[in-house]
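The following exercises are intended for a reader who is meeting this structure for the first time. Please examine the sequence and the model before attempting them.

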Amino acid sequence: MFDSFCALCNRLAPEEDDLQADCENERELIAQLYKDSKNCGPFFVTPLIVATRVRARINYAKMNIAEPSLEIGIGTGLTARFILSDRHVNIGSDLFIHDLVEAKGNGAPYGGLMAFDMMNIPFLNNTFGSVFSIHSIYHAEDKITAIREMARVCSPGGTLCFDDVSSNVVSERPFVLALNDLRVFPKSANDFVRSILKPQRYLEPDEYREILRDCGCDDVEVIPSISLPLLKIIYFFYDLQRFFEVYSVLPSERRAKSLKQFLDCVIAPLLARDRELCEKEGAGFWFVHGTKRGHPDLEGASADVIERAVCPACRSRLVFVAGIFHCTSCATKFPVVNGIPILSTAYFPSFNELIEKGH
Ligand SMILES: [Zn+2]
């Protein structure tokens, strides 16, 4: 079904006026991402990944990633090099240590890695010249707390940016709409969306502006990304894939060729017209950026940023002794696994085990 639909789209695309946009730049970016992803396994190159990563690359190209820089929610860091066009980031972070261990092995562009919860960033205020999070904050239990935390550790004059989902990501997915339309599968449709995305509050552009102003940020811009037509088509494929687990094996050469053609004939022209189609039809995501108020005064710039790390339980300073971080106030110990500090209270039950393993 996946292959047939792909082939059908490829056959129809030349007839559609909406798909005739000049999209050489987008095709080049797709080709680059496709090439970079050759060794990432069969699940990786999907229309959803390609569209969101290429759009992110275009959005982040304009961002000033001032040092010291912090990225929140890097996952396995597979597309970081592509999205950031080889720019260096001082600290890459994620809640999941196993993802970070993988990131360490695949040449992601980070000076150091650290595991922590984005709702409780274990650094002193005003530590970073730029703080950003690419397609990640909507996985937090409470993304508004995560946004406030990002703003807190960003220094005056520093840049803050992140991507967030709009409610369209839940309400406008063709496969889920079809399930609902069949009338007898509302629970399945609901469970299916929940298995991918936590229930959360969806924010409007004015609400981001208000929250960020309240956290001390000015010049806030909210850019709509991934237009509704593009969103529908990438999620159609994504949900089909999730549901039927197609692509659980390496794609055949024929399938890979058909997918590449689909990316070039359908996804690339939609990406080229993304801003225009977002205005006309609505958007799936928001790319939000702002500048922290005040004169640049980078307290952390000269020092090693790790010296500004604090205890996630009580926010006191940490000392590094015998391969472990110790809180100078509450005496909690935080292990370092594969060179990656785990500064999160989420791991408390397994800390002793991790500390023992490290020695
Ligand atoms: Zn403490």
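Some conventions come first, and the exercises with their solutions follow.

The model is predicted, so local features are taken at pLDDT of at least 70 and side-chain atom pairs only at pLDDT 80 or more, while totals for chains, interfaces and linings use all residues. Residues are numbered from 1 along each chain as its sequence is written. Helices (H or I, at least four residues) and strands (E, at least two) are DSSP runs, numbered from the N terminus.

**Exercise 1. Describe the surroundings of strand 5 (residues 154-165).**

Step 1. Begin with burial. A residue is buried if 20 or more other C-beta atoms lie within 10 Å of its own, exposed if 12 or fewer, and partly exposed in between, with C-beta atoms placed from the backbone. Of the 12 residues of strand 5, 10 are buried.

Step 2. Find the parallel partner. Two strands pair if DSSP finds at least two bridges between them. Strand 4 (residues 128-133) runs parallel to strand 5 and is joined to it by five bridges. Across this pairing, Phe 132 stands opposite Cys 161.

Step 3. Trace the connection. From strand 4 the chain passes through helix 6 (residues 143-153) to strand 5, in a right-handed β-α-β crossover. Right-handed is the term used if, with the strands pointing away from the viewer, the path from the first strand over the helix to the second runs clockwise.

Step 4. Find the antiparallel partner. Seven bridges pair strand 5 with strand 7 (residues 283-292) in the antiparallel sense. Here Thr 159 has Thr 291 as its bridge partner.

**Exercise 2. Locate the backbone features at Pro 68, Ser 85 and Asp 219.**

Step 1. Recall the usual case. Most residues other than glycine have a negative phi, and most peptide bonds are trans.

Step 2. Consider the peptide bond. Glu 67 and Pro 68 are joined by a cis peptide bond, with omega about -10°. Pro 68 belongs to the loop between helix 3 (47-60) and strand 1 (69-72).

Step 3. Consider phi. Ser 85 has a positive phi, near 45°, and is found in the loop between helix 4 (80-83) and strand 2 (89-94). Ser 85 counts as exposed because it has 11 C-beta neighbours inside 10 Å. Asp 219 also has a positive phi, near 50°, but its place is in strand 6 (residues 217-227). With 11 other C-beta atoms within 10 Å, Asp 219 is exposed.

**Exercise 3. How do domain 1 and domain 2 meet?**

Step 1. Set the bounds. The domain assignment, which is automatic or from a database, gives domain 1 (2-292) and domain 2 (310-357). Their C-alpha centres lie 31 Å apart.

Step 2. Count the contacts. Two residues are in contact if their C-beta atoms, placed from the backbone, lie within 7 Å. By this rule, 14 residues of domain 1 are in contact with 11 residues of domain 2.

Step 3. Identify the elements. On the side of domain 1 that touches domain 2, helix 5 (97-105) and strand 3 (110-115) are the elements that give two or more residues. Helix 5 provides the largest share, four residues.

**Exercise 4. Which residues touch the most other members of the largest nonpolar core?**

Step 1. Define the core. A nonpolar core is a set of buried Ala, Val, Leu, Ile, Met, Phe, Trp, Tyr and Cys residues joined through C-beta atoms within 7 Å.

Step 2. Name the residues. In this core of 96 residues, they are Ala 51, Ala 115, Met 150, Leu 230 and Ile 267.

Step 3. Place the core. Helix 12 (residues 253-272) gives the largest share, nine residues. Both domain 1 and domain 2 give residues to this core, so it lies between them.
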